[in-house]
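Reader: Hello! I am new to this structure and would love a close look at a single part of it. Could you take me through the part built from paired strands, and then show me a little of what lies elsewhere?

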Amino acid sequence: MITKDYKQKIKDILTQFREYLQTDETKEHLETMKKEKIEVQNIMNKLSKTDNKTAEFTEWVLYGLLPYSKTKVAKRVSLFPSFMNIKLFFKDYSYTDKEWNLLANKIFNLCRNFQNDPKNLSQLIEEFTKDKYSRRLQCGSITPILFCLNDKYPVVNNITIRTYRSISLILGHNEKLSQKLDEYPDNIKKLKLLTEDLGEATLKSQDYFDLFCWWYDSEILSEERRAVKEEAEEGENIIEQEEEIKSEEVNIKEFVEKVDLEKSFDFVPHSLGDPQRIKINQIILNASKSKWVLPHFQRYFDWNKNDVKEFWESIFSDYYVGSFLLWDTERSPELGIQPILGVIKTEEELKPEAIILDGQQRITSLYYAIKAPKFSLRGSKEQLYYYINFNSYFNKNSQNGVIEIHARKLPEEESFRKMLFPLYQLEKYDEWVNKFEDFLLAQFQNSEKVRKIRRIIDKKLRHMWEGFEIPYVALPESMQLEQVTDIFESINTKGKLLSVFDLLIARLYKYNIELKKMWDATLKNYPNILRYSKSISKMPIYILQAMSLLYEKNSSCKRKEILDIYSNTYEDSDKDFEEDWDDISEYMNNAIEKLENMRDGFGVKDEKELPFAPIIPVLTALLKTIDTQRNKAECYKKLNQWYWSAVFTNAFSQAADTQMTTDFRDLRTWFENNGVVPRTIIQMHREIPALYLREIQSQSNAKYKGVISLIAIEGAKDFDTSQTLENARNNDKDHIFPKSFKFGFGSNKFINSILNMTWMSDETNRKIKRYKNPSVYVKEFIKEKYDGEEDKFIRILKTHFVNKKAYDLLLENNFEDFLLERNNLILSKIKEFTGYNDSEAERTLITPENPFTNKLIFLNTLNKCDGYIYWVDKYFSKKGLELLSETANNKIKEIKIVMSIEKADETFRSTFKDFKKEMSNKGITCEIKIIVDSKIKSSIHDRFIVSKYEAYNIPSPDVMARGQLSEISKSNNRENLYTQFNNLWKNSRDIIQDWNKIKEVLNEQKETKRLL
């Protein structure tokens, strides 16, 4: 069912598409489509006049008629490319020339017959796909040709399939298109229904529908794919950097003398029996009577309804479904056990004969479908029931399988009418079959055929219940727990390592510590942890890591230390593990409150907006540590500096466990010693001069989330309601300059920059999109909500890091300069929160010892320039051009350089011509002028750069390259230097246009030197 939110989402998508239709890009796309239709029809005409047995005919079908991307072999390039080179694509088939010709004729005949009789499409496709030569020629290969021959028939390629899937899910339909050519007629029907649901008249034209798919895939879905990819790269599962293992040399003599060979070294090799087989009825019996149980370190059952469905499809089809791994056990095993989910047994009622190590998901799925216990599967809100659709089976209409899922138990007669056998009756399948036979006989005279149907169903169900076998291997009871957990970890079917938490559940059992129950209690007592645990699977491990930071001797968070936390930290001490767990759980709950505090916390809206999850255990441990300090206020100030430094250096993007240890130790020391500043803060202060927020566009990026948190802390008041995020948690982030193609902002490469985002209500967002231009919506808000008083609205804007200057830029619809101004405002807040003083960067030293850093300092200075770069350096050289080339970006539109005549020669002039051309391709104009007047030259001493907002005194790039001691410093005399530069510019000669005059001066100088 489509919700109000999704209706609005569809409405917004269609609004953006209508705006896109007004762009030149749309006109160009449609014109290209029109030309392709003509090209395809011309090729068909050409082929109809060509001998269909010739190599020419084959070539024109395979490389002209089929849709190609731009390659050397393509005879035409398609707007809907499917091939690079069909013969390479089909190389495994080793077709002869005769077979290639046969394939070409099949393709041509399909297209020609369709051209003549499109209503006969289904039969034509059926004929085309019936032999091996049609393999791999699917919708994406053929439908672009059909569309060009008759544009009432849609193109179905990967772009269409992705778009259809996304839109249908928004509309509440779990539907997909198929790439298979024989399902193209069904695809046509589905697409027709989709366009009707969308209710957009233009999309009834296949030209515009294809354009819509192309736009939606490239503009909407591509952004989602990029976000998913970046989230995967920056997510919770961080790969830890390997550290060198330092092994000690063994004193062999001492070792031999002291080793106790009587202590646990009797090795008895385990002998595994041959794999055994077990039927489903026996599995259900063992599970029901708790003869087969689960260890406490097993993960929770987490299959969804489709996982269960696919498993039963395999059983019905008599496929191999893998094997089980069990561990034979006595009645009182040395680890915690539990029945599978759905089996209700007390601990005293458990009668274990084997522990399930591998097979929990499959065994529970068997039990769920057959016993119908009252619990819901992952992703479902209610209990589900599984049925076998024998109608689909008998009619071989099992494209989507024969297992059906229902949210209710069907009445028996309804199950007969629909030929749906309930799997929850599999134990007594014969009763249902007998009644079904009676049901059929009451309606049909042909008793013989009814009995045959009955026998087929009976045979199928009997085999599933009494005949289908699943192999299993049982480890002997004599195997030690550690060996078993290691085996479990190595064979885990999901390919994931058994987590530290899972293993500790088993390890701590022998100390009478029931870790799983403790975690369940934490979830019950601390709602913040419960909420975060739903999206961050490592929350229980984070509690253990916080404990390790505080109490392990080296504050190590690595896997080994966590696994050994009890034996190393608690076993021989007076500390109580359970008390510390409860204590740290409370502190972690407080840490989340601190993260989400919008006033004196860190402004995180919720778990989805957290910059990175591994910061939670560190923050937890630090809050606990601060409570032991006397100077708490000073410690909290330091904690804030560290947090924002960690966020804006992306400190936890890799080697998170190591970073946790480093940061905790550094902060703990800093709390007591002001002189020992943490490394993360030092790194932040180094990076701030080169921190550019405009390029940050991924919503999964830690810096992106950091900025959006800063906006929340600033108290961003909604334009419409004046409510802050603290009081309106339903507000979401969206664009200040709307993502509108019609007004040009939507096509800007930085439209999704964090600098263009803020918190707002749905109503505000709709109004912004309705009015489109900021200059329009700003005036409307002032008129409607602020009684026409501009100052009131400006005060609201300031809570979004939009000052009076940025407000003026909104009124001018000046997107680029607005981003620049907002960057400066947000960067100032970052500096304040990280304890950075601008005087740290006023002067930057270049030294012989740091050649790499020297260059980085120079590049950072150039990167800080905005609008233009005006550079004065009497001895400017090729090295300066190289630095400019590395930093040229969209912020810079103009480069002007003034230099003296000494460095001007033909070689440098030629190099500059190439540089000028390359910059022009980037939209940057470049000019160099030469000082030819010796008096003017002698009046200049320093080198300097002037840009739109700043000016800098700089050394020569050659001096920097040589590492000679020098400094770059910001100048407080920008306006004066700007004037001086313009004076020099007016009195100098252009190195390209005035080259002959410059050469005359050079020759005069050479002659003067010669005479002297």
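Author: Happy to help; what follows is a walk through the open sheet, with some charged residues and a few other places after it. Please keep in mind that this is a predicted model.

Let us begin with the sheet as a whole. Six strands form it, and their order is 1-9-3-5-2-4. The sheet is open and its pairing is mixed. At its edges lie strand 1, residues 276–279, and strand 4, residues 337–338, and each of these pairs on one side only.

Now we can look at some of the pairings. Strand 1 is joined to strand 9, residues 469–475, by four bridges, and the two pair in the antiparallel sense. If you would like a residue to find on screen, try Gln-276, which stands opposite Tyr-472 in strand 9.

Strand 9 also pairs with strand 3, again over four bridges, but here the strands run parallel. A good pair to look for is Trp-327 and its bridge partner in strand 9, Leu-475.

Another parallel pairing brings together strand 2, residues 292–295, and strand 5, residues 354–358, with two bridges between them. Here Trp-292 has Ala-354 of strand 5 as its bridge partner.

Let us stay with strand 3 for a moment. This strand covers residues 324–328, and Asp-328 is part of it. With a relative accessible area of 32%, Asp-328 is partly exposed. Asp-328 also belongs to a negative surface patch, together with Glu-330, Glu-353 and Glu-477. Patch residues must have over 30% relative accessible area and no salt bridge, and the 32% of Asp-328 is over that cut-off.

Salt bridges are found in other places, and a search of the whole structure gives 54 of them. One of them joins Arg-18 and Glu-200, whose closest N and O atoms are 2.9 Å apart. This pair links distant parts of the chain: Arg-18 lies in helix 1 (residues 4–20), while Glu-200 sits 182 residues away, in the loop between helix 9 (184–198) and helix 10 (206–234). Arg-18 is partly exposed, at 38% relative accessibility, whereas Glu-200 is buried, at 9%.

Two further pairs are worth finding. Lys-560 forms a salt bridge with Asp-564, with 3.2 Å between the closest N and O atoms. Lys-560 is exposed, with a relative accessible area of 54%, but Asp-564 is buried, at 18%. In the other pair, Asp-580 and Lys-575 form a salt bridge, and their closest N and O atoms are 3.3 Å apart. Asp-580 is buried, with a relative accessible area of 9%, and Lys-575 is partly exposed, at 32%. There is a network of salt bridges too, which links Glu-437, Arg-454, Asp-458 and Arg-462.

To finish, here are two places further along the chain. Asn-814 is in the loop between helix 35 (804–811) and helix 36 (815–833). Its C-alpha is 9.2 Å from that of Pro-774, although 40 residues separate the two in sequence. Asn-814 is partly exposed, with a relative accessible area of 21%. Lys-929 belongs to strand 15, residues 925–931. From Lys-929 to Val-898, 31 residues apart along the chain, the C-alpha separation is 5.0 Å. Lys-929 is buried because its relative accessible area is 16%, and buried means under 20%.

How values were computed:
Residues are numbered from 1 along each chain as its sequence is written. This is a predicted model: local features need pLDDT of at least 70, side-chain atom pairs count only at pLDDT 80 or more; totals for chains, interfaces and linings use all residues. Side-chain values use heavy atoms; hydrogens and water are left out. Patches are made of residues with over 30% relative accessible area and no salt bridge: like charges are joined within 9 Å, nonpolar side chains (Val, Leu, Ile, Met, Phe, Trp, Tyr) within 5 Å. Accessible areas come from the Shrake-Rupley method with a 1.4 Å probe; for residues, only the protein chains shown count as cover. A salt bridge is a side-chain nitrogen of Lys or Arg within 4 Å of a carboxyl oxygen of Asp or Glu. Lys and Arg count as positive and Asp and Glu as negative; His and the chain ends are not counted. The place of a charge is taken as NZ of Lys, CZ of Arg, CG of Asp or CD of Glu. Buried means under 20% relative accessible area, exposed over 50%, partly exposed in between (1.4 Å probe, protein chains only). Two strands pair if DSSP finds at least two bridges between them.
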